[in-house]
Amino acid sequence: MSLATAAAGAQPFVRSSSSAAAASSSRPLLAVAAARHRRPHGSLAAAAAAARRRRRRPLLQVRAARTESTAVSVGFRAPQFELPEPLTGKLWTLDDFEGNPALLVMFVCNHCPFVKHLKKDIAKLTSFYMEKGLAAVAISSNSIVTHPQDGPDYIAEEAKLYKYSFPYLYDESQEVAKAFRAVCTPEFYLFKKDGRRPFELFYHGQFDDSRPSNNVPVTGRDLSRAIDCALSGQELPFVPKPSVGCSIKWHP
C-alpha cells in the first residue's frame, strides 16, 4: 500500500463529546487554582510589614512583685494584739503565749506565690519546734477589698487543709501589721523572753534561700538555726538575710 493510499484511508482523530466536556470543564478549575496561587505585589508587601511589626513587639511578662522585709532592731518588743482565728472563732492575744520561751510570728497570706512555695515546710517546721516549747502564730493582714481570696473564710480553709498546728489569725484593720512594721509575706519574727521579761525580737529574716523560681531546695535552714539558738539560750551566729515575698496589700 502506498503512502498516499494509507493517508487517504486513515480516519481523522475525532474527540469524543465526553472528552471535550471534561477538557472544557477543567479549564475554569485550573484558572481558579492559578488565581489562588497568584498574590498581587501589594498584599505580599503588607504581609511582610505585619510580620516585621510582630517581631518588634515586646513580649509582656507578668511577675510577682518582690518586696524585702525592712530592718527591725533586735530587742524590739512584741506589740500587743487581739485577733480572731477564723477556723475556731477564738480571739488570741499576745498574753496567750506568755508561758513559752520563744514566739514565732509569721505574716502570711493565701494567694502569694512566695508563701505558697513554703506552706508545707512552714507547717512541718513549726510542728517540730512547738513540741520543743516554741509558740507560733500566723497573721494575714491583706485587704480583702483587693484580694478577697485572703479573707477569713479562706483563711479557715487554708488552716484546715494544711493542718496548721498554730493559730492562723485575721488582721482586718491592718493595725497589727503596722505595729510589727511588717511589709511583706512571708515575713518572720522570732521573739524570745527571759523569765518575766516581755518578748523581745531575736531574729527577723528569711525562712531560707529558696524562692519560687530559683530551684534552691526548701530547707528552712535560716529560721531553724535561729529557733535552735533562741530555745538553747545561744547567741545568733549569723547575720540574718531579709525575707523576700509579696508586698502586704494595704487597704485602698
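1. Helices here are DSSP runs of H or I with at least four residues, strands are runs of E with at least two, and both are numbered from the N terminus. With that in mind, Lys163 sits in the loop between H6 and strand S6 (168-170). The structure under discussion is a predicted model, and the points below should be read accordingly.

2. On confidence, the chain has an average pLDDT of 83, and 74% of the residues score at least 70. Residues 1-41 have a pLDDT below 50, and the model gives this stretch three contacts beyond near neighbours in sequence. A second stretch, residues 57-63, also stays under 50 in pLDDT, and for this segment the model has zero contacts beyond four places in sequence.

3. Helix H5 (residues 119-130) consists of 12 residues and spans 16 Å from its first C-alpha to its last, which is close to the 16 Å expected at 1.5 Å a residue. Its buried residues are Lys119, Ile122, Ala123, Leu125, Thr126 and Tyr129. The elements that cover them include strand S4 (102-107), helix H4 (113-116), strand S5 (134-140), helix H6 (152-161), strand S8 (187-192) and helix H8 (221-232).

4. Helix H8 likewise has 12 residues and reaches 16 Å between its first and last C-alpha atoms, close to the 16 Å expected at 1.5 Å a residue. The residues of H8 that are buried are Asp222, Leu223, Ser224, Ala226, Ile227, Cys229 and Ala230, and their cover includes S4, H5, S5, S8 and S9. H5 and H8 therefore appear in each other's list of covering elements, given that contact means heavy atoms within 4.5 Å. After H8 comes Gly233, which has a positive phi near 80 degrees.

5. Leu83 belongs to strand S2 (residues 82-84). With a relative accessible area of 5%, Leu83 counts as buried, because that value falls under the 20% cut-off. Setting aside residues up to four places away in sequence, Leu83 touches Lys90, Leu91, Trp92, Ile139, Leu169, Tyr170, Asp171 and Val176. For one of these partners, Leu169, the separation is 86 residues in sequence but 6.0 Å in space, C-alpha to C-alpha.

6. Asp150, in the loop between S5 and H6, deserves a careful look. This residue is buried yet has no salt bridge, and the nearest side chain of opposite charge, that of Lys249, is 7.0 Å away. Since a salt bridge calls for a side-chain nitrogen of Lys or Arg within 4 Å of a carboxyl oxygen, Lys249 at 7.0 Å does not qualify. What the side chain of Asp150 does reach is the backbone nitrogen of Asn110, at 3.0 Å. Apart from neighbours within four places in sequence, its contacts are Cys109, Asn110, His111, Ser140, Asn142, Ile144, Ile155 and Tyr170.

7. Some backbone details can be checked in the viewer. The peptide bond from Thr185 to Pro186 is cis, with omega near 0 degrees, and Pro186 lies in the loop between strand S7 (184-185) and S8. Lys163 has a phi near 55 degrees, a positive value in a residue other than glycine, and this residue is exposed, with a relative accessible area of 71%. Asn215, which is not a glycine either, has a positive phi of about 60 degrees; Asn215 is placed in the loop between strand S9 (200-205) and H8. Asn215 is exposed because its relative accessible area, 76%, is over the 50% cut-off.

Methods
Residues are numbered from 1 along each chain as its sequence is written. Side-chain values use heavy atoms; hydrogens and water are left out. The expected span of a helix is 1.5 Å times one less than its number of residues. Buried means under 20% relative accessible area, exposed over 50%, partly exposed in between (1.4 Å probe, protein chains only). pLDDT is the predictor's confidence in each residue, from 0 to 100. Lys and Arg count as positive and Asp and Glu as negative; His and the chain ends are not counted. A polar contact is a pair of N or O atoms within 3.5 Å; within protein, one must be able to donate a hydrogen and the other to accept it, and residues adjacent in sequence count only if both atoms are side-chain atoms.
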